[in-house]
Amino acid sequence: MKYEELISELCDVIKESENNADLIYEDLESIQQTLSDSDICTTKKADISNKIENSLGLLQHQDLHRQKIERVVNFVCEHNNIDRGKYNLASSAKSIGSDDVLSEDELEELLKSMQS
């Protein structure tokens, strides 16, 4: 598989992930609003609200994975002189979070494993 094909497929994953995350977030907000307006007992409201908060946390975790994929794509483009413009990519943050920093060596190792 050529780098351009790999990048194209990963960009499709990134875009689909962003679109799905937006829809999930909107649905959870709608459920939260409906819950606020309903006459359900306080205990049930708290339980449902906790499940919504947990779902939002998982959604945020999923977004971190999307950002990692985005970083790999940008790394491949940068190190192979591939124009990011044709993939409509924004530049990625160098670090996603204190526990999610990937070094140049880790990115290169990840790419090597993907080529196998």
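So, Arg66: it's buried, because its relative accessibility comes out at 10%, under the 20% cut-off. Bear in mind this is a predicted model.

Now, what does Arg66 pair with? One partner is Asp63, with the closest N and O atoms 2.8 Å apart, and that's a salt bridge. Those two both sit in helix 2, three residues apart, about one turn of the helix. Asp63 is partly exposed, at 27% relative accessible area.

Going the other way along helix 2, there's Glu70, four residues from Arg66, again about one turn of the helix. The Arg66 and Glu70 side chains meet in a salt bridge too, 3.4 Å from N to O, and both residues are buried. Add Glu18 and you've got one network: Glu18, Asp63, Arg66 and Glu70, joined by salt bridges that share partners.

Okay, Glu18. Its salt bridge with Arg66 has the closest N and O atoms at 3.3 Å. Glu18 is in helix 1 and Arg66 is in helix 2, so this pair ties together parts that are 48 residues apart in sequence. Glu18 itself counts as partly exposed, at 33% relative accessibility. The salt bridge count comes to three.

Let's zoom out to the helices. Helix 1 is residues 3-37, helix 2 is residues 42-79, and their axes come within 10 Å, crossing at roughly 165 degrees. That's over 145, so helix 1 is roughly antiparallel to helix 2. The crossing is left-handed. And what is the contact made of? Its residues split into 20 nonpolar, six polar and four charged.

Technical notes: Residues numbered from 1 in each chain as written. Predicted model: local features only at pLDDT ≥ 70, side-chain atom pairs only at ≥ 80, totals over all residues. Heavy atoms only, no water. Axes fitted to C-alpha atoms, helices over the stretch in contact; angles between N-to-C directions. Parallel < 35°, antiparallel > 145°, perpendicular 65-115°, else oblique. Left-handed = near helix turned anticlockwise from the far one by under 90°. Nonpolar A, V, L, I, M, F, W, Y, C, P; charged D, E, K, R; others polar. Salt bridge = Lys/Arg side-chain N within 4 Å of Asp/Glu carboxyl O. Buried < 20%, exposed > 50% of the residue type's maximum accessible area, 1.4 Å probe, protein only.
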